[in-house]
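Visitor: I would like a close look at one part of this model, the sheet, together with whatever packs against it. Please take me through it step by step.

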Amino acid sequence: MTPGPPPAAGGADAHWLLRTVELSRSCPPSATAFSVGCVVVAGDGTVLGEGYSRRDDPRDHAEEAALRGTDPGDPRLRGATLYSSLEPCSSRASRPTACSALILTTPIPRVVFAWREPALFVDCDGAERLRAAGRTVVERPDLAQGVREVNAHLLG
Ligand SMILES: [Zn+2]
């Protein structure tokens with residue numbers, strides 16, 4: 001996992017979101033679920049975890065796969081940013097814990113995503129839940145085009 005720029009608003013956030021889109025291209029295809037990429041980056045630009053949808057299990061969401069690779073006791077999580085190509089989910093059919101709730105079990109203070117989940121499957125308020133819990137949430141709709149392309153088959 002290649003290190004990169006320290007997470008920050010602007011070009012560094014764009015760099016890491018483009019990495020999530022790249023990761024999402026590895027997702028096993030699905031007609032009923034989004035293809036998403038996720039990367040957790042420490043304050044110094046070290047990659048702590050990476051993942052994409054359905055990587056280890058057909059029910060995997062990208063955030064779960066990425067967080068699975070991190071050590072929950074790693075102090076660097078306190079200064080990390082979680083990047084996801086899609087807004088972290090707030091409810092799901094496949095597993096009891098939504099990704100926004102999973103993120104709230106970590107000390108990761110900042111979440112950046114590109115594409116707000118369209119209400120195709122469930123109505124998502126992951127960003128609102130994270131903000132309400134005091135996390136910084138940054139939305140970069142200017143980078144959503146690549147995410148829409150990866151998921152074009154779902155959009156009809
Ligand atoms: Zn999820």
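**The sheet and its surroundings**

Guide: In this predicted model, strand 1, which covers residues 37–41, runs antiparallel to strand 2, and five bridges join the two. Within that pairing, Cys-38 has Gly-51 of strand 2 standing opposite. In general, the strands of a sheet pair through backbone hydrogen bonds, and the pairing may be parallel or antiparallel.

This pair belongs to an open sheet of five strands, arranged in the order 2-1-3-4-5, and the pairing across the sheet is mixed. Strand 2 (47–52) and strand 5 (136–139) stand at the edges with a single partner strand each, so one side of each has no neighbour in the sheet. From one strand to the next, the twist averages 15 degrees.

Turning to what lies across the sheet, helix 1 (residues 11–24) crosses strand 1, strand 2, strand 3 (81–86), strand 4 (110–115) and strand 5, and its direction makes an angle of about 140 degrees with strand 1. Helix 1 consists of 14 residues and spans 20 Å from its first C-alpha to its last, which is close to the 20 Å expected at 1.5 Å a residue. Its buried residues are Asp-13, Trp-16, Leu-17, Arg-19, Thr-20, Val-21, Leu-23 and Ser-24, and the buried residues of helix 1 pack against helix 5 (144–150) as well as against strands 1, 2, 3, 4 and 5.

The strand residues also enter the nonpolar interior. The largest nonpolar core has 39 residues, and those touching the most other members are Cys-38, Val-39, Val-40, Val-41, Ala-80, Leu-82 and Tyr-83. Strand 4, however, gives the most to this core, with five residues. Val-40 serves as an example of the contacts involved: setting aside neighbours within four places in sequence, Val-40 is in contact with Leu-48, Gly-49, Ala-66, Leu-67, Thr-70, Ala-80, Leu-82 and Ile-108.

To place the sheet in the whole protein, there are six helices and five strands, which follow one another along the sequence in the pattern α-β-β-α-β-α-β-α-β-α-α. The radius of gyration of the protein is 14 Å, close to the 15 Å that the globule rule gives for 156 residues, so the protein is as compact as a globular protein of that length. Buried residues make up 43% of the 156 residues, and, among contacts with a separation of 6 or more, 67% are between residues 24 or more positions apart.

Definitions and conventions:
Residues are numbered from 1 along each chain as its sequence is written. This is a predicted model: local features need pLDDT of at least 70, side-chain atom pairs count only at pLDDT 80 or more; totals for chains, interfaces and linings use all residues. Two strands pair if DSSP finds at least two bridges between them. Helices (H or I, at least four residues) and strands (E, at least two) are DSSP runs, numbered from the N terminus. Axes are lines fitted to C-alpha atoms, for helices over the stretch in contact, and angles run from 0 to 180 degrees between N-to-C directions. Two residues are in contact if their C-beta atoms, placed from the backbone, lie within 7 Å. The expected span of a helix is 1.5 Å times one less than its number of residues. A residue is buried if 20 or more other C-beta atoms lie within 10 Å of its own, exposed if 12 or fewer, and partly exposed in between; C-beta atoms are placed from the backbone. A nonpolar core is a set of buried Ala, Val, Leu, Ile, Met, Phe, Trp, Tyr and Cys residues joined through C-beta atoms within 7 Å. The radius of gyration is taken over C-alpha atoms; the globule rule is 2.2 Å times the number of residues to the power 0.38.
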